[in-house]
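User: Could we go through this structure together, one question at a time? I would like short answers with the reasoning included.

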Amino acid sequence: MIEVDRLSKRFGPVTAVDGLSFAVRPGHVTGFLGPNGAGKTTTMLIILGLDAPTSGTALVEGRRYQGIIRPLHEVGSLLDANAVHGGRTAWFHLLSVAQSNGIGRRRVTEVLQLTGLDAVADRRAGGFSLGMKQRLGIATALLGDPPVLMFDEPVNGLDTEGIQWIRQLFKSLAAEGRTVFVSSHLMSEMALTADHLIIIGRGRLIADTPTDRFVESSSRRDVLVRSPRAGELAGLLTARGAAVVPEDDGGLAVTGMDASAIGDLAAENGIAVHELVPRHASLEEAYLDITSDSVEYRAGVPTAAEVPASPGKDA
Amino acid sequence: MTALESRPAHTAVPSLAIRASDVLTSEWTKLRSVRSTYWTLLIVGVTPIGISAIVALTLATQPAAGRSQIDPLLPSFIGLEYAVLAIGVLGVLAFSSEHATGMIRTTFAAVPRRRAVLAAKAAVAGTVALIVGELISFASFFLVQAILSGHHRGLSVSHPGVPGAVLAEGILLFVCAMVGVGLGAMIRHAAGAVAALVGLIYLPAILGLLPAPWNDRIGRFTLFYAAQQVVALHPRTDLFSPALSMLVLIAWPAAALLTAAFLITWRDA
């Protein structure tokens, strides 16, 4: 369980985290979503006692992190996979971290096996690919077999196989009753990985909701209809219980009736239909919608390029 | 992976001694698992022996006239001139290498009591520096005296004042390693910390430009002058006494480590 209460962090004139409150519960994978610069990493740094908050509190299992003795038994974290000494082997990296919390060599061997790194344990981490470094970071987080796990952008740089593996790992960790808190700027990834979403923008909470509810509420489904007798058709549609919203360009956005029913209705009444298009707003669009006011750096042209990544590439 | 229910309870708080030994073991593993440690120690070990042998040979072959003023312990001391810098760099790297890679966040997340990390890094680097320092100063002493005694000018290790002076030379490496650890923790960047270290060690060269007696009045507070007083068989009378100079030698690393202890606790990692 992670509890963040009215947390704020200012760096000079910049407010990175602004009165943020949320709780991350055990037994779930909780996604921590937000555009780059939204304050996700800063929030995680504060939870781990690495940065001091300007105000507010962050508690892990009911305690301030700094007060925990041998904290790796309580919280495992991966902030930056590249944050390893390139000249040290995977084995010695893990051993040094393990020893600081009284964790033995057997556990080091176990986490190496668990992350599939046992074959490269004696190789220096500097020669690792980003994917291998991510695994090393996850191995480090698992050393103390902790009930709370926190990962900052863990899928960055992983190949499809690695992403599948990590997704399964998170789910099984949560199924064991652990608190799993994973940040990402990719909605598509979190929709597949997380049961619960905490979405922030410019350091403020935007949404704190189960993933399926977010998907449901934000996936707009309607049918675009164009007709030379739009007004007449709209009347017929509303009479049948559909909701009709006229669009700026003369089209009708119809909900509550599917495309074939609309087409049949128009045909029965001899009304010509020029366009009949079922539309789905993607999760990605919904996410962009709610975070659009809080994107720190925006490209000049807000086009499809602004969508972080296609699901095909990252899912 | 064990299920949560079967996890051993971690409610029993380990004693302070066990926690201290955990952090010490961890820092020792870090030090011995990177190659930079061995390269640095190679420089620390080889340069003083080589330099002091050369200085001793030069002294030994000097014409008899004017020989008597030269302190027979001087060649070993001169030999340490590069070793002190190298061992200081070893100290600097303890923190700067972790800041450069970002590993420091993993370290501080594993041990939130940052002063314990500072203390452990200082203890580990200090112990290595002290052991290596004593080995070198005794090795260099015997080598230098062997060369000098070939010209009937050598000293025995049992000569009054000699054991203390030779031991003090080893301590000098310890002092520089500690100053390095403190500077590395304070400045975080290796380049900046090493620059500061060079400045501190070679400060007397700049102070030497001051008009007398100010050069010595300020100079006696420097590491170099204090070390020279401590290791000399015949200390200069116009500087601090060897005992006071020893205090100066201890004050520098103490100040560096205390400043570091204050800074690392309050700064964001």
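User: In strand E13 (residues 275-280) of chain A, what is the count of buried residues?

Analyst: A word on the source: this is a predicted model, where local features need pLDDT of at least 70 and side-chain atom pairs count only at pLDDT 80 or more, while totals for chains, interfaces and linings use all residues. Residues are numbered from 1 along each chain as its sequence is written, and chains are lettered from A and ligands numbered from 1 in the order in which they are written. Helices (H or I, at least four residues) and strands (E, at least two) are DSSP runs numbered from the N terminus, and a residue is buried if 20 or more other C-beta atoms, placed from the backbone, lie within 10 Å of its own, exposed if 12 or fewer, and partly exposed in between. Strand E13 of chain A has six residues and is hardly covered, with a buried count of zero.

User: Which residue in E13(A) is the bridge partner of A:Val225?

Analyst: Strand E10 (residues 221-226) of chain A is joined to E13(A) by six bridges, and the two run antiparallel. Strands pair if DSSP finds at least two bridges between them. In E13(A), the partner of A:Val225 is A:Leu276.

User: Which strands stand at the edges of the open sheet that holds E1 of chain A, with a single partner strand each?

Analyst: Three strands of chain A form this open sheet, in the order E2-E1-E4 with antiparallel pairing. The end positions have one partner each, so one side of each is left without a neighbour in the sheet; these are strand E2 (14-24) and strand E4 (55-60) of chain A.

User: Which residue in E4(A) does A:Val4 stand opposite?

Analyst: Strand E1 (residues 2-11) of chain A runs antiparallel to E4(A), with five bridges joining them. Opposite A:Val4 stands A:Ala58.

User: At about what angle does helix H1 of chain A run to E1(A)?

Analyst: Helix H1 (residues 40-47) lies across E1, E2 and E4 of chain A. Angles here run from 0 to 180 degrees between N-to-C directions, with axes fitted to C-alpha atoms, for helices over the stretch in contact. H1(A) runs to E1(A) at about 115°.

User: How many of the residues of H1(A) are buried?

Analyst: The buried residues are A:Lys40, A:Thr42, A:Thr43, A:Met44, A:Leu45, A:Ile46 and A:Ile47. H1(A) is therefore largely enclosed by the rest of the structure, its buried residues numbering seven of the eight.

User: Which residue just after H1(A) takes a positive phi?

Analyst: H1(A) covers residues 40-47. Just after this helix, a positive phi of about 70° is taken by A:Gly49.

User: Over to the other chain: how many helices and strands does chain B have?

Analyst: Along the sequence, chain B reads as α-α-α-α-α-α-α-α-α-α-α. Its C-alpha trace spans about 85 × 40 × 30 Å along the principal axes, and 42% of its 269 residues are buried. The tally for chain B is 11 helices and zero strands.

User: Are H6(B) and H11(B) roughly parallel or antiparallel to each other?

Analyst: Helix H6 (residues 162-187) and helix H11 (residues 242-266) of chain B pack at about 25°, with axes 8 Å apart. Angles under 35 degrees count as roughly parallel, over 145 as roughly antiparallel, 65 to 115 as roughly perpendicular and the rest as oblique. H6(B) and H11(B) are therefore roughly parallel.

User: How do the residues of the contact of H6(B) with H11(B) divide into nonpolar, polar and charged?

Analyst: Residues are in contact if their C-beta atoms, placed from the backbone, lie within 7 Å, and those of this contact include B:Met178 and B:Gly182 of H6(B) and B:Trp252 and B:Thr259 of H11(B). Ala, Val, Leu, Ile, Met, Phe, Trp, Tyr, Cys and Pro count as nonpolar, Asp, Glu, Lys and Arg as charged, and the others, Gly among them, as polar. The division is 15 nonpolar, two polar and no charged.

User: Is H6(B) roughly parallel or antiparallel to H10(B)?

Analyst: H6(B) and helix H10 (residues 223-231) of chain B pack at about 155°, with their axes 8 Å apart. That makes the pair roughly antiparallel.

User: Which helix of chain A gives the largest share of the side that touches chain B?

Analyst: The contact takes 38 residues from chain A and 33 residues from chain B. On the chain A side, 16 are nonpolar, 15 polar and seven charged. The largest share, six residues, comes from residues 90-100, helix H2 of chain A.

How values were computed. Two residues are in contact if their C-beta atoms, placed from the backbone, lie within 7 Å.
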